[in-house]
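Biologist: I would like to hear what each assignment in this model rests on. Please give the criterion with each value.

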Amino acid sequence: MESAKHDLVVIGAGPGGYVAALRAAQLGVNVACIDENEVPGGTCLRVGCIPSKALLESSQRYYEARHTLAAHGVAVADVQLDLPTMQKRKESVVRTLCRGVEGLLKRQNITYYRGRARFDGPGRLIVDGRAEQTALASQYYLIATGSTPATMPGVGLDGQGVGSSTDALAYTEVPRHLVVIGAGYIGLELGSVWSRLGSRVTVIEMLDRLLPGMDGELAGEARRLLERQGLTFWLSTRVNGAYSYEGRCLVECEGRDPLECDRVLLAVGRRPNTDGLGLETIGVRTDQAGFITVDKHFATAAGNVFAIGDCIGGPMLAHKASEEGIACVERLVTGYGRVDYATIPSVVYTHPEIASVGKTEEQLQADDHPYRKGTFPLRANGRARALGEVEGLVKILADQRTDRILGVHILGARAGDMIAEAVAAMECGASAEDLARTCHAHPTLAEAIQEAALAVDGRPLHL
């Protein structure tokens with residue numbers, strides 16, 4: 001068994017782990033990074049954020065060619081779907097970005113170990129590689145092992161008829177009927193992909209609404225728009241079981257007849273990837289859901305072992321993990337590092353997109369927090385009209401007394417890009433009046449943010 005010593009060993013090369021490793025290396029730390037997969041990048045780059053967005057983009061272009069380009073004076077005859085080429089493009093995007101991460105790690109002289117990491121007592125980490133084991137010693141260890149798709153009782157994942165999001169990214173043919181269990185962002189995004197490509201998509205959700213945790217008004221409007229696009233929703237419906245049967249799939253729901261389909265996508269969230277790490281050998285505990293317990297500085301009970309990202313809970317978002325990784329290593333080296341969890345944005349890449357930061361209206365009401373609201377519909381925005389993307393709105397919630405922005409919620413084209421302005425404003429403690437008096441270029445979609453900020457004070461100009 002080989003052995004090596006580093007200042008910091010990062011377990012996991014996803015957007016939490018590799019970003020933490022890069023920042024530590026910038027600060028002069030001798031860093032090693034471990035990952036068990038063929039290439040670095042984690043779930044996000046390999047089988048999550050990036051491949052799903054590649055398919056969302058390709059499927060949307062196919063949909064537009066078939067249904068909306070004619071309105072722009074672009075006549076496209078005999079549009080054909082070439083799914084193998086679409087999948088190859090997705091794989092090329094993933095491969096390019098993963099190689100980019102490899103290059104970044106090499107450029108910063110970060111030692112990369114490929115294998116499965118496990119603790120073997122305090123101060124000892126074993127990397128089980130393909131051909132050999134390596135024992136690593138380090139001053140600090142950072143666990144950034146991410147998450148895996150959650151399962152549920154009665155749903156037999158077989159990777160064929162019944163599968164997870166990883167399987168749904170790689171279908172070799174368009175299902176005639178796809179059933180999605182779960183109306184969160186993963187289910188809606190992948191359901192949208194296959195709906196655009198020709199599937200009949202039924203989304204089953206136990207709750208009475210889409211997108212739990214997001215602003216209710218926008219979630220309701222998103223449902224209306226997705227239904228118009230062809231998705232069917234069974235809300236307030238409990239799934240008792242799903243399984244493959246003689247080349248087809250059956251989904252059994254409480255109070256309904258069994259639903260027959262070609263594919264089932266289980267998208268009921270994700271669970272922490274903390275099994276097999278040997279945490280018990282260093283006195284680190286996980287909660288009942290498998291999340292690692294940490295303090296406000298990401299330290300575990302082991303003292304020199306830290307954890308970030310999906311494996312510690314909170315929003316399971318790539319950018320949240322990256323921010324935590326940076327904050328953690330900066331504090332180790334400089335003595336200071338922070339994450340403002342109130343300003344972490346979330347985006348759902350349906351069409352139109354849904355983006356959010358800060359408090360929802362429901363949360364403010366539950367907290368009895370006095371607030372004012374300003375909304376502005378995109379159909380009153382010149383750029384949205386020119387794009388032919390008039391569905392959606394911008395909503396700004398501000399403190400009733402101080403006018404400080406508490407939350408911003410956007411449903412519309414390019415909402416995921418537009419939300420960045422709101423995040424920056426909230427990070428700087430801006431008021432709705434600050435946004436209202438910020439000059440926005442014309443014509444842009446971002447003008448809708450300015451108008452919504454004006455609407456907080458009851459004085460929108462273009463309504």
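Biologist: Why is the pair Lys395 and Glu217 called a salt bridge?

Modeller: A salt bridge is defined as a side-chain nitrogen of Lys or Arg within 4 Å of a carboxyl oxygen of Asp or Glu. The N to O distance between Lys395 and Glu217 is 2.7 Å, so the pair meets the criterion. This is a predicted model, in which local features need pLDDT of at least 70 and side-chain atom pairs pLDDT 80 or more, while totals for chains, interfaces and linings use all residues. Residues are numbered from 1 along each chain as its sequence is written, and side-chain values use heavy atoms, without hydrogens and water.

Biologist: What makes this pair a tie between parts separated in sequence?

Modeller: Lys395 is in strand 21 (residues 393-399) and Glu217 in helix 7 (residues 216-228), so the pair joins parts 178 residues apart in sequence. Helices (H or I, at least four residues) and strands (E, at least two) are DSSP runs, numbered from the N terminus.

Biologist: Are Lys395 and Glu217 buried or exposed?

Modeller: Buried means under 20% relative accessible area, exposed over 50%, and partly exposed in between (1.4 Å probe, protein chains only). Lys395 has 0% and therefore counts as buried. Glu217 has 35%, so it is partly exposed.

Biologist: How do you know that Asp403 and Arg372 form a salt bridge, and where in the chain are they?

Modeller: Their closest N and O atoms are 2.9 Å apart, so the pair satisfies the cut-off already given. Asp403 is in the loop between strand 21 and strand 22 (405-412), and Arg372 is in strand 20 (residues 371-377), 31 residues away. Asp403, at 13% relative accessibility, is buried, whereas Arg372, at 26%, is partly exposed. Both also belong to a network of salt bridges with Glu433, Arg437, Asp457 and Arg459.

Biologist: What makes Arg116 and Glu36 a salt bridge, and how many salt bridges does the structure hold?

Modeller: The closest N and O atoms of Arg116 and Glu36 are 3.0 Å apart, so this pair also qualifies. Arg116 is in strand 4 (residues 116-119), and Glu36 is in the loop between strand 2 (31-35) and helix 2 (42-47), 80 residues apart. Arg116 is partly exposed at 28%, as is Glu36 at 41%. The structure holds 30 salt bridges.

Biologist: What describes the packing of helix 3 and helix 6?

Modeller: Two packed helices are described by the angle between their axes and the distance between the axes. Helix 3 (residues 49-67) and helix 6 (residues 185-196) pack at about 35 degrees, with axes 9 Å apart. Axes are lines fitted to C-alpha atoms, for helices over the stretch in contact, and angles run from 0 to 180 degrees between N-to-C directions. The crossing is left-handed, a term used when the near helix is turned anticlockwise from the far one by less than a right angle, with right-handed for clockwise.

Biologist: Which residues make the contact of helix 3 with helix 6?

Modeller: Contact means heavy atoms within 4.5 Å. Among the residues that qualify are Leu55, Leu56 and Tyr62 of helix 3, and Leu190, Val193 and Arg196 of helix 6. By class there are 6 nonpolar, 4 polar and 3 charged residues; Ala, Val, Leu, Ile, Met, Phe, Trp, Tyr, Cys and Pro count as nonpolar, Asp, Glu, Lys and Arg as charged, and the others, Gly among them, as polar.

Biologist: Why is strand 19 described as largely enclosed?

Modeller: Of the 6 residues in strand 19 (residues 353-358), 5 are buried, so the rest of the structure largely encloses this strand.

Biologist: How do you know that strand 19 pairs with strand 18 and strand 22?

Modeller: Two strands pair if DSSP finds at least two bridges between them. Strand 18 (residues 346-348) and strand 19 have 3 bridges and run antiparallel, so they count as paired. Ser346 has Ser356 as its bridge partner, and the two strands form a hairpin with 4 residues between them. Strand 19 and strand 22 have 6 bridges, also antiparallel, so this pairing stands too. Here Gly358 is partnered with Gly407.
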